[in-house]
Amino acid sequence: MAYLEVKGLKKSFGNNRVLRGVDFFLERGRTLTLVGASGNGKTTLLRCLTLLETPDSGTVTLGETTVNFGEDKKSIDSKINAIRGKIGLVFQNFNLFPQYTAFENVLLPLKLYENERRKKGLPPLNTSDESRAKEILCGMGLNDKLDLYPCQLSGGQQQRVAISRAIALEPTVLCFDEPTSALDPALSDEVAKLINSLKNIAVIVVTHDLSFAKKISDITLEVSDGVVKPVQL
Amino acid sequence: MSFSEVTIQLVQGFGTTALLFVLTLVLSLPLGLVVAFMSMSKFTPLKVLTRVFVWIIRGTPLMLQLFVVFYVPGLLFRVTIFSDRFLAALIAFVINYACYFSVIFKGGIESVPRGQYEAGQVLGMSKKDVFFKVVLLQVVKHVLPPVSNEVTTLVKDTSLARVLLVVDILQVAENILTAKALVWPLFYTGAFYLIFIGIITVIFNLAEKKLSYFKV
């Protein structure tokens, strides 16, 4: 059964119609790669899915929640708030918070999330924020890097911190924007292994690297002329 | 007049200088942040009005603004609003420095990459949390050097309050010159300014060093 379903997604910037009606669905535990030439709307699609851009029309269904972008703004905003945090994103340049250590980068959103739960009267998560942050980072092989700042980490290590930060909130969909572009080729395999090890979540990866896409994909869609079509790698 | 007598009088005058400096700083820094937000507002009339106001304040001499604050309310409303000259000077200084700080803060806020805001957004943080927990410290790091520059200028600018007959350290030295025909106390005031600015410089250097652990 589809966990993430996108129907008729459209997005324009002025007269530039970037997405002209995107349809696809994705199940949990599957990895979808979006490929295509630069400027064809891959990143815009990803930004629409992660709600960094509001699509002009269409629907995004995540589990039980459907956001219909044709509805009024208030209704869209309340639904966006409901699914925000369930869709994680690992940015192309990671966007780690420079003033925090690797550990604090993972801990901060966890703490804020926990505060939100407390405000809503929800019970706390099973493990403490600190031990969860530590557990995830150690799981990424960053045991000895917990107290280092992003500027003290290599590109690959920064990416693993960014992935840790994204999965800490237990998203059900995790998106990656060009995960190999900031890394040297030797690290690509490592990233592919990491993505393949992510269980029970739907993964969407935007990449222009077809050999990388081949290593991780269950489904590959080509973004072209504002629509998506399946391709065989 | 002995050296110690002069020193005591100058210290008293410097009290006014330091008070004007501290109060201006305490009030203009937060006001500058508010003005910065107003000048970046999505509500165009507010943004334009704020930017025009900042342009006027930055485009006219502080001395003129001191006169405007002190005299214009009386001329317009036929009432003396500021019987306290120190208060009038303080208001003019706060408005002037808030406008200068606002431009620095605006630059600092705009220099934080959009990706930092987006990262917070994707992680489900509220706008308030993104600003206070993610952006603010990066802004502080960006603006420390130009703010330190403005603060040093403020120390020296306080001497302009004399145009409203506020008795600051330079006014005291001038009074001594007139009354006792002693010119050296006037030059001696330089030592007070230098020591004070030296202390401020050390404080800002320490703050910059404290924030040097991360790169923006």
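## Strand pairing, salt bridges and pockets in a predicted two-chain model

In strand 2 of chain A, L26(A) is the bridge partner of L4(A). That pairing, like everything described below, comes from a predicted model. Strand 1 of chain A, which covers residues 4–13, runs antiparallel to strand 2 of chain A, residues 16–26, and 8 bridges join the two. The hairpin that these strands form has 2 residues between the strands, and in it G14(A) takes a positive phi near 65 degrees. Strand 1 of chain A is also joined by 5 bridges to strand 4 of chain A, residues 57–62, and this pair too runs antiparallel. Here K7(A) stands opposite T59(A) of strand 4. In a regular strand, side chains alternate between the two faces of the sheet.

### Salt bridges

Side chains of opposite charge can pair when their charged atoms come close. Over all chains, the count comes to 14 salt bridges, and three of the pairs are set out here.

| Salt bridge | Closest N to O distance |
|---|---|
| E130(A) and K111(A) | 2.8 Å |
| E190(A) and R160(A) | 3.6 Å |
| E110(B) and K106(B) | 3.7 Å |

How many residues apart are E130(A) and K111(A)? They are 19 residues apart and link distant parts of the chain, with E130(A) in helix 4 of chain A, residues 129–139, and K111(A) in helix 3 of chain A. E130(A) is partly exposed at 34% relative accessibility, and K111(A) also counts as partly exposed, with a relative accessible area of 33%.

The pair of E190(A) and R160(A) ties together parts that are 30 residues apart in sequence, because E190(A) lies in helix 6 of chain A, residues 185–196, and R160(A) in helix 5 of chain A, residues 155–168. Is each partner buried or exposed, or partly so? E190(A) is partly exposed at 35% relative accessibility, whereas R160(A), at 16%, counts as buried because it falls under the 20% cut-off.

In chain B, E110(B) and K106(B) are both in helix 4, and because they are 4 residues apart they are separated by about one helical turn. Beyond these pairs, salt bridges that share partners join R47(A), E53(A), R114(B) and E118(B) into one network.

### Pockets

Rolling a probe the size of a water molecule over the atoms shows where empty space is left. The largest pocket has a volume of about 1800 Å³. Its lining consists of 48 residues, and those nearest the centre are R84(A), Q121(B), M125(B), S126(B) and K127(B). The elements that give two or more residues to this lining are helix 2 (73–83) and helix 3 (102–119) of chain A, together with helix 4 (85–111), helix 5 (114–122) and helix 6 (127–157) of chain B. Helix 2 of chain A gives the most, with 6 residues. By class, the lining of the largest pocket has 23 nonpolar, 7 polar and 18 charged residues.

The second largest pocket has a volume of about 450 Å³. Of the 26 residues that line the second largest pocket, N93(A), F94(A), N95(A), G115(B) and Q116(B) lie nearest its centre. Helix 1 (42–49) of chain A, together with helix 5 and helix 6 of chain B, are the elements that give two or more residues to this lining. Helix 5 of chain B gives the most to the lining of the second largest pocket, with 4 residues. The lining of the second largest pocket divides into 12 nonpolar, 9 polar and 5 charged residues.

Definitions and conventions
Residues numbered from 1 in each chain as written. Chains lettered and ligands numbered in written order. Predicted model: local features only at pLDDT ≥ 70, side-chain atom pairs only at ≥ 80, totals over all residues. Heavy atoms only, no water. 1 Å grid on protein atoms, 1.4 Å probe; cavity = no way out; pocket = protein on both sides within 12 Å on 5 of 7 lines; lining within 4 Å. Points joined across faces, edges and corners; volume = space filled by probe spheres on them. Nonpolar A, V, L, I, M, F, W, Y, C, P; charged D, E, K, R; others polar. Pairing = 2+ DSSP bridges. Salt bridge = Lys/Arg side-chain N within 4 Å of Asp/Glu carboxyl O. Buried < 20%, exposed > 50% of the residue type's maximum accessible area, 1.4 Å probe, protein only.
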